Amino acid sequence: MADTTDNQGIPEPEGNSDIIDTDYNIGQDNIETKVGPFQLDIHNPVFLISGLAIIAFVFYTLALPEQAGSVFSWLFSAVTKGFDWFFIGSANIFVIFCLLLIVLPVGSVRLGGADATPDYTYIGWFAMLFAAGMGIGLMFYGVSEPMSHFSSSLGGVAMGEDGVRTDWAPLGGAAGDEHEATRLAFAATIFHWGLHPWAIYAVVALALALFSYNKGLPLTIRSAFYPILGDRVWGWPGHIIDVLAVFATLFGLATSLGFGATQANAGLNELFGIPVGETTEVVLITAITAVALISVIRGLDGGVKVLSEINMGLAALLLLFVLFVGPTLAILTGFVDYLGAYLQYLPALSNPIGREDVNFSQGWTSFYWAWWISWSPFVGMFIARVSRGRTVREFVICVLLIPSLVCVLWMSVFGGVAIQQVIQDGYAAAQDAPLELKLFKMLDFMPLAAITSFIGIILVIVFFVTSSDSGSLVIDTITAGGKVDAPVPQRVFWCIFEGAVAIVLLLSAGGLQSLQSMVISTGLPFTVVLLVMCWAIWKGLQSERKAL
């Protein structure tokens with residue numbers, strides 16, 4: 001690690017590096033003030049615009065839940081139907097861009113300067129990338145997504161009176177063919193959890209790392225646009241970029257918290273008979289946000305790090321239990337077969353135009369890409385902060401492959417066991433259950449069901465806490481003008497409002513669909529930000545090569 005750090009804790013570049021010479025100082029636009037006992041250090045106007053807009057949104061949704069629900073429903077339909085080609089095409093561009101960085105000469109650029117050394121060993125770095133790949137999403141969709149695609153694929157194609165498909169099968173389905181329906185189900189699942197989402201994260205992480213560690217700019221999204229906008233990046237164009245990043249991150253997190261609450265509620269009902277409903281979900285979100293607040297106040301090492309390590313251990317235990325108690329050989333051979341199916345179906349699944357499987361491509365793929373894009377500032381900043389000292393080539397290969405393989409393994413084990421229960425044992429409880437209950441119904445059919453289901457609930461809750469906690473840190477960094485040591489009350493504000501947004505969206509007429517609508521809506525403009533970011537990264541890497 002470099003001995004010299006700037007006053008915000010970001011190490012100076014080591015060795016040759018094309019440092020950007022700008023008069024801007026981190027925090028120069030900030031307002032430092034006291035509100036009662038609370039010290040504040042907030043960016044003007046990013047914090048004010050973001051904070052006031054979120055507060056107004058919460059009050060509007062609470063005051064007019066029916067109207068808000070209708071608006072959210074319209075938004076979801078309009079964006080997924082009108083821009084599905086844009087989301088799918090953009091995600092393809094991110095994958096191609098990352099693969100080009102691996103093979104082109106710019107891949108030799110080292111993050112942090114030519115003489116920078118990695119802050120973490122390979123084992124430690126892989127563990128943190130692995131942690132970034134885990135989350136509420138894997139708990140919610142680990143069983144439910146492969147099982148949903150299996151059921152819809154097995155059912156085949158169904159046409160409505162207007163000649164438009166009404167089924168949810170990926171591509172053309174696999175009517176009546178259990179083996180091929182399983183392969184197609186996993187190809188679609190891996191497509192949503194493999195290279196494409198991690199390419200999205202890699203783009204944002206690389207932009208943040210390159211322009212902070214090599215160019216000496218603040219650790220905010222706007223810094224990546226300096227090669228295109230120059231000093232205008234510190235003005236309104238940059239303010240808009242950072243506000244979009246805040247909105248995208250906040251609604252992406254709120255959606256995950258909503259999924260987590262419905263799944264934890266379903267699990268608690270299954271185990272302890274606690275009633276399912278909005279009241280329980282609101283209590284859950286409130287209680288978990290309170291725990292996240294404690295974690296936020298303790299800081300990154302005292303809070304997030306400890307909770308992450310506990311959760312990683314529990315997740316590994318649950319994974320190994322399901323792997324070895326379930327049909328181990330079938331799962332392991334399936335893992336290889338599913339990767340082959342993914343490569344086989346990848347060209348068709350990633351095709352952005354002329355799709356007939358509109359329910360799948362719009363309802364699943366478009367939503368997923370918007371959700372990943374909305375999470376990208378959050379996960380990207382985490383990856384950037386642990387990847388200093390790696391070459392771009394090493395960075396991209398590992399960020400694409402390590403978490404992708406973890407996600408594929410998780411889905412293969414949990415989804416594979418659930419599908420085997422249907423095919424081999426005729427046990428269809430997981431297949432017939434709603435999405436949030438599928439994991440628990442699958443565990444029900446295995447030994448020690450009460451214990452494993454309880455561990456599942458704990459995992460959902462702790463992932464919930466670490467997501468809220470880490471998300472608060474990232475949003476706070478952006479709204480504090482790139483300062484990584486802003487006062488704690490600001491993080492507390494964002495932590496509370498993440499929970500508040502999740503609650504009001506669940507209470508609105510649309511429930512979970514309202515959460516999905518806001519992710520899609522904020523993900524759309526931020527996709528444009530990411531596409532331009534690719535060009536900025538390219539320009540930044542070329543200038544680094546010249547400096548070498």
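In this predicted model, the search for disulfides gives a count of zero. A disulfide is a covalent bond between the sulfur atoms of two cysteines. Two cysteines show how that count comes about. For cysteine 407, the closest cysteine sulfur belongs to cysteine 398 and lies 15 Å away, so the pair is too far apart for a bond. Cysteine 534 has its closest cysteine sulfur in cysteine 98, at 7.2 Å, and this is again too far for a bond, because a disulfide calls for sulfur atoms within 2.5 Å. Both residues are shielded from the surroundings in the sense used here: cysteine 407 is buried, with a relative accessible area of 1%, and cysteine 534 is buried as well, at 7%.

Attention turns next to open space in the model. Rolling a probe the size of a water molecule over the atoms shows where empty space is left. The second largest pocket has a volume of about 420 Å³. Its lining is made up of 18 residues, and those that lie nearest the centre are Phe76, Trp168, Gly363, Trp364 and Gln516. Four helices each supply at least two residues of this lining, namely H2 (65-103), H4 (136-155), H11 (358-385) and H17 (512-547). Of the contributors, H11 gives the most, with six residues. By residue class, the lining of the second largest pocket divides into 10 nonpolar, six polar and two charged residues.

Helix H2, one of the helices that supply this lining, is also the place of serine 90. With a relative accessibility of 2%, serine 90 counts as buried. A polar atom of the serine 90 side chain lies 2.7 Å from the backbone oxygen of phenylalanine 86. When neighbours within four places in sequence are left aside, serine 90 is in contact with Thr527 and Leu531.

A comparable picture can be drawn for arginine 183, which is placed in helix H5 (residues 178-193). Although arginine is a charged residue in the classes used here, arginine 183 counts as buried, at 11% relative accessibility. The side chain of arginine 183 makes a polar contact with the side chain of glutamate 180, at 3.1 Å. Beyond its neighbours within four places in sequence, arginine 183 is in contact with Asp337, Gly340, Ala341, Gln344 and Tyr345.

Those partners lead on to helix H10 (residues 328-349), where proline 347 lies. Proline 347 is exposed, with a relative accessible area of 58%. Tyrosine 368 is 21 residues from proline 347 along the chain, and the C-alpha atoms of the two are separated by 18 Å.

Isoleucine 423 is found in helix H12 (residues 392-425). At 27% relative accessibility, isoleucine 423 counts as partly exposed. With neighbours within four places in sequence set aside, the contacts of isoleucine 423 are with Phe150, Glu178 and Thr182. The C-alpha atoms of isoleucine 423 and glycine 112 are separated by 52 Å, and the two residues are 311 apart along the chain.

Some details of the backbone complete the description. Asparagine 44 and proline 45 are joined by a cis peptide bond, with omega at about 15°. Proline 45 sits in the loop between strand S2 (38-43) and helix H1 (46-63).

Two leucines that lie in loops carry a positive phi. Leucine 171 has a phi near 50°, a positive value in a residue other than glycine, and leucine 171 lies in the loop between H4 and H5. Leucine 448 has a phi near 55°, likewise positive in a residue other than glycine, and its loop runs between helix H14 (438-444) and helix H15 (449-479). Their surroundings can be set side by side: leucine 171 counts as buried, at 15% relative accessibility, whereas leucine 448 is exposed, with a relative accessible area of 53%.

Conventions: Residues are numbered from 1 along each chain as its sequence is written. This is a predicted model: local features need pLDDT of at least 70, side-chain atom pairs count only at pLDDT 80 or more; totals for chains, interfaces and linings use all residues. Side-chain values use heavy atoms; hydrogens and water are left out. Buried means under 20% relative accessible area, exposed over 50%, partly exposed in between (1.4 Å probe, protein chains only). A polar contact is a pair of N or O atoms within 3.5 Å; within protein, one must be able to donate a hydrogen and the other to accept it, and residues adjacent in sequence count only if both atoms are side-chain atoms. Contact means heavy atoms within 4.5 Å. On a 1 Å grid over the protein atoms alone, a cavity is a set of points where a 1.4 Å probe fits but cannot get out, and a pocket is an open set with protein on both sides within 12 Å along at least five of seven lines; lining residues have an atom within 4 Å of a point. Grid points are joined across faces, edges and corners, and a volume is the space filled by probe spheres set on the points.
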